[in-house]
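This report introduces the structure of one protein to a reader who is new to the subject. Please look at the sequence and the model before reading on.

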Amino acid sequence: MTDTDAVTRFEAGLADVREAFGSAFGEAADEQSLRAANAKLTGPEGTLTKLMKLMREVPGDRRREFGQAANALKEEVAAAFDGALVALAQAEREAELAAPHIDVSLPGRRPKPGRLHPITRVTIELVDIFTALGFDVAHGPEIDLYEYNFDKLGFPPDHPATDMQDSFFVKSDGARSMLRTHTSTIQVREMLKRKPPLAIVAPGAVYRRDDDITHSPMFFQIEGLLVDEKVSFADLKGVLTRFAQRLFGPDVGVRGRPSYFPFVEPGAEIDISCVFCKPWEGDAARTAACRVCKGTGWLEILGCGMVHPVVFESVGYDPEKYTGFAFGLGIDRIAMLKYGISDIRMLYENDARFLEQIG
Ligand code: FA5
């Protein structure tokens with residue numbers, strides 16, 4: 001091959017590339033074909049690469065001129081390729097934005113069926129047990145009078161006993177109002193409304209200035225009240241034993257310990273046998289190691305007692321004629337025992353991962 005041939009071929013080659021690259025890049029419909037078009041020019045077997053190799057055959061005095069022309073064209077091609085890449089990406093994004101906003105290739109999201117919160121479920125179960133025993137269901141307001149929360153239940157005015165239930169007060173013009181600290185307000189309201197005999201259970205939210213792993217500032221209680229002639233402590237124990245065994249099973253034992261609440265006399269706290277280490281199965285070592293009952297075999301679940309004559313007087317019942325019992329238990333605590341929950345706050349965090357694990 002002569003030097004003149006090389007010059008002619010070089011010039012023709014440059015002209016071809018110069019003419020072709022713009023439309024080759026412009027016609028590429030996607031990144032893959034754009035890269036293929038670029039490879040035809042600048043790849044190891046590309047036209048431009050071959051031209052560079054041809055440089056060796058170009059006469060010495062023309063090499064510099066041709067070299068500069070070829071390099072300039074190479075830069076032009078590279079810039080055009082980068083520009084085409086950007087334009088393609090932009091067009092793709094614009095098409096995406098203009099397209100309907102549904103990607104049928106994504107896996108579907110199954111709607112999760114809702115279910116009742118553990119506290120609601122336990123409340124329903126408790127109410128069912130007591131209504132089966134003949135109790136009516138009563139409700140009362142969560143903001144109530146100080147008088148119903150404390151005075152009418154025999155708490156002396158501003159007596160230190162009210163400290164047992166550290167309270168939230170509500171600004172009001174006349175009578176002192178507060179967020180009820182227990183459901184015992186509902187006993188007062190029902191007795192003011194109705195004459196004996198009566199048997200009610202009253203579930204609902206209550207509020208105290210408490211906050212730790214077993215105490216929440218808002219929690220749930222269920223109150224029980226039965227008033228008639230000749231009601232005795234034995235009736236109270238009978239009802240609570242039946243209740244505990246329906247809730248936790250027939251083997252569960254019940255015991256009372258003397259305790260003080262201003263509105264009952266005598267008053268007691270009721271314990272049930274620990275439903276975690278099950279002492280009735282006779283494994284003393286398991287009970288000794290039980291962290292829930294701390295080795296005692298018993299769990300405290302509620303406060304109760306015989307209604308104090310002072311309470312009957314405050315609602316206009318004749319304490320000579322009527323006797324009655326009352327009890328109040330924490331629904332959250334029952335839910336924690338039933339489902340093995342160690343931190344009460346988990347009940348209020350609305351974390352679906354936790355709630356899904358229950359039942
Ligand atoms: C009372 O509230 C009495 N009204 C119960 C009562 C009714 C006694 C009728 C006698 C006759 P006490 O303050 O102990 O009692 O609360 C009752 C239950 O509520 C406790 O056993 C506990 O289970 C639950 N409880 C109390 N404070 C909290 C709290 N901050 N968070 C969750 N549960 C609580």
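The sections below go from the whole chain to its sheets, one helix and one residue.

## Overall form

The structure is a predicted model. It contains 12 helices and 10 strands. The protein has 359 residues, and a compact globule of that length would have a radius of gyration near 21 Å, whereas this protein has 42 Å. Along the principal axes, the C-alpha atoms fill a box of roughly 135 × 60 × 35 Å.

Of the 359 residues, 41% are buried. The accessible surface amounts to about 20100 Å², and carbon and sulfur atoms account for 53% of it. Among the contacts with a separation of 6 or more, 68% join residues 24 or more positions apart. The protein carries 42 positive and 53 negative charges, and the mean positions of the two groups lie 3 Å apart.

## The sheet of seven strands

In a sheet, strands pair through backbone hydrogen bonds, and the pairing may be parallel or antiparallel. Here, seven strands form an open sheet with mixed pairing, in the order β1-β5-β6-β10-β9-β8-β7. Its edge strands are β1 (136–137) and β7, each of which pairs on one side only. At the β1 edge, two bridges join β1 to β5 in a parallel arrangement. Valine 137 stands opposite valine 201 of β5.

Towards the other edge, strand β8 (residues 264–273) has antiparallel links to two strands. Five bridges join β8 to β7 (residues 254–258), and eight bridges join β8 to β9 (residues 298–307). In the first pair, glycine 256 stands opposite isoleucine 270; in the second, serine 273 stands opposite tryptophan 298. Strands β7 and β8 also form a hairpin, with five residues between them. Eight of the 10 residues of β8 are buried, so this strand is largely enclosed by the rest of the structure.

## The sheet of three strands

A further open sheet consists of three strands in the order β2-β4-β3, with antiparallel pairing. Strands β2 (143–145) and β3 stand at its edges with a single partner strand each, so one side of each has no neighbour in the sheet. Two bridges join β3 to β4 (residues 177–179). Phenylalanine 169 stands opposite methionine 178 of β4.

## A mostly covered helix

How many residues of helix α7 (residues 184–193) are buried? Seven of its 10 residues are buried, and the helix is mostly covered. The buried residues are Ser184, Thr185, Ile186, Gln187, Val188, Glu190 and Met191.

These buried residues pack against several elements, including the strand β2. Their other partners are α6, β5 (198–207), β6 (218–228), α10 (309–315) and β10 (323–330).

## Serine 167

Where is serine 167 found? Serine 167 lies in the loop between α6 (146–149) and β3 (169–170). Is this residue, serine 167, buried or exposed? Its relative accessible area is 9%. A residue counts as buried when this value is under 20%, and therefore serine 167 is buried.

Leaving aside residues up to four places away in sequence, serine 167 touches Phe150, Met178, Thr181 and Arg209. One of these contacts, Met178, is the residue that stands opposite phenylalanine 169 in the pairing with β4.

Key: Residues are numbered from 1 along each chain as its sequence is written. This is a predicted model: local features need pLDDT of at least 70, side-chain atom pairs count only at pLDDT 80 or more; totals for chains, interfaces and linings use all residues. Side-chain values use heavy atoms; hydrogens and water are left out. Helices (H or I, at least four residues) and strands (E, at least two) are DSSP runs, numbered from the N terminus. The radius of gyration is taken over C-alpha atoms; the globule rule is 2.2 Å times the number of residues to the power 0.38. Buried means under 20% relative accessible area, exposed over 50%, partly exposed in between (1.4 Å probe, protein chains only). Contact means heavy atoms within 4.5 Å. Accessible areas come from the Shrake-Rupley method with a 1.4 Å probe; for residues, only the protein chains shown count as cover. Lys and Arg count as positive and Asp and Glu as negative; His and the chain ends are not counted. The place of a charge is taken as NZ of Lys, CZ of Arg, CG of Asp or CD of Glu. Two strands pair if DSSP finds at least two bridges between them.
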